[in-house]
Amino acid sequence: MDQKIKSLLDSLDYTRSEFWNISKETGLFLNKLIRATPSIKTILEIGTSNGVSAIYMAEALKAKKEELLEIKSKNFLPKNIPLSKETIAVKSRVSQKPNSKKTFHLYTIESHKKLRYKLATENFKKAGLTQYITQILGHAPEVIPKNPKYFDLIFLDATKYEHTDYLKAILPRTYFNSRTSKGSIIITDNAISHKKKLKPYFKEVKKLKKFKTHLIKISSGLLVSERVE
Ligand SMILES: C[S@@+](CC[C@H](N)C(=O)[O-])C[C@H]1O[C@@H](n2cnc3c(N)ncnc32)[C@H](O)[C@@H]1O
């Protein structure tokens with residue numbers, strides 16, 4: 001991880017309980033998942049707070065975009081210069097080209113204008129990630145942006161009893177690509193710590209035939225639902 005961003009995240013860890021931030025463990029899991037999954041290029045987050053989870057996720061998008069740009073620039077080398085093993089490996093991992101200005105981008109929604117939304121803006125600036133993040137001020141699910149039409153990853157971390165509303169709104173924004181066998185992933189935080197409050201959400205997720213769901217026992221618990229058809 002970028003050292004400047006790592007230091008910023010370390011400093012934000014001191015106020016973690018004040019801003020209900022995800023743990024470092026969860027952040028690193030999300031970061032690694034995004035880095036290791038080429039199909040994740042467009043992310044929606046509900047619940048920005050002061051921006052910690054968004055920073056973990058956007059840092060991974062930035063790293064993937066930079067890898068891709070490096071590969072592209074190496075491809076301009078004369079053909080008789082062989083590509084290094086590392087370049088070939090990265091090339092196969094980042095298999096798809098960005099198809100619009102807004103790929104490798106995270107959209108994040110926060111309703112608390114006075115403090116948390118503004119702090120997130122400042123933190124994104126400090127992290128140098130502003131160009132990878134669009135902040136949306138307002139109450140989800142009403143303000144979920146219409147564009148892009150589909151999201152590769154959706155991270156839910158807001159008011160627990162509203163999660164069924166978020167799910168209803170985001171389902172039409174998920175996809176499954178039968179050619180690549182890749183589909184959208186929905187990750188819900190606090191699946192263990194807020195088990196009771198999330199019960200109605202779990203019930204709805206269970207009914208989804210097109211998704212496979214797993215509980216990952218990291219920190220507060222992550223419920224990972226992947227669209228498989
Ligand atoms: C648990 S905190 C998010 C923490 C953040 N994901 C992180 O790890 O840094 C939840 C945030 O969601 C916001 N929130 C709650 N319900 C919301 C809604 N319906 N729409 C937008 N934001 C919401 C709250 O104001 C709060 O800042």
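**Sheet, helices and ligand shell in a predicted model**

Helix α3 lies across β1 (42–46), β2, β3 and β4, and runs at about 170° to β2. The model is predicted. The sheet is described next, followed by the helix contacts, the ligand shell and the loops.

The sheet is open and is formed by seven strands. Their order is β3-β2-β1-β4-β7-β9-β8, and the pairing is mixed. Strands β3 (133–137) and β8 (211–216) are the edges, each pairing on one side only. On average, neighbouring strands are turned by 15° against each other, direction ignored. In general, strands of a sheet pair through backbone hydrogen bonds, either parallel or antiparallel.

Two pairings illustrate the mixed character of this sheet. Strand β4 (residues 153–156) pairs with strand β7 (residues 185–189) in the parallel sense. Four bridges connect β4 and β7. Within this pairing, Leu156 has Thr188 of β7 as its bridge partner. By contrast, β8 pairs with strand β9 (residues 222–227) in the antiparallel sense, over six bridges. Here Thr213 stands opposite Ser225 in β9. Strands β8 and β9 form a hairpin, with five residues between them. In the turn of this hairpin, Ser219 has a positive phi of about 50°.

Helix α1 (residues 3–12) packs against two helices, α3 and α5. With α3 (residues 52–74), the packing angle is about 160° and the axes are 11 Å apart. Because the angle is over 145°, α1 counts as roughly antiparallel to α3. The crossing of these two helices is left-handed. On the α1 side, the contact involves Ile5, Leu9 and Leu12. These residues meet Val52, Ile55 and Glu59 in α3. By class, five residues of this contact are nonpolar, none is polar and one is charged.

The second partner of α1 is helix α5 (residues 113–127). The axes of α1 and α5 come within 9 Å and cross at roughly 145°. Ile5, Leu8 and Leu12 of α1 make this contact with Asn123, Lys126 and Ala127 of α5. The contact comprises four nonpolar residues, one polar and one charged. Ile5 and Leu12 thus appear in the contact with α3 and again in the contact with α5.

The ligand is surrounded by 19 residues. The closest are Trp20, Gly47, Ser49, Val52 and Ser53. Helix α3 and strand β2 (105–110) are the elements that give two or more residues to this shell. By class, the shell has seven nonpolar, eight polar and four charged residues. Val52, one of the closest residues to the ligand, also belongs to the α3 side of the contact with α1.

Ser49, another of the closest residues, has a notable backbone angle. Its phi is positive, at about 50°, although Ser49 is not a glycine. Ser49 is placed in the loop between β1 and α3.

Two cis peptide bonds were also found in the model. One joins Ala140 and Pro141, with omega of about 10°. The other runs from Asn147 to Pro148, with omega near 0°. Pro141 sits in the loop between β3 and β4. Pro148 is likewise placed in the loop between β3 and β4.

Terms used:
Residues numbered from 1 in each chain as written. Predicted model: local features only at pLDDT ≥ 70, side-chain atom pairs only at ≥ 80, totals over all residues. Axes fitted to C-alpha atoms, helices over the stretch in contact; angles between N-to-C directions. Parallel < 35°, antiparallel > 145°, perpendicular 65-115°, else oblique. Left-handed = near helix turned anticlockwise from the far one by under 90°. Contact = placed C-beta atoms within 7 Å. Nonpolar A, V, L, I, M, F, W, Y, C, P; charged D, E, K, R; others polar. Near = placed C-beta within 6 Å. Pairing = 2+ DSSP bridges.
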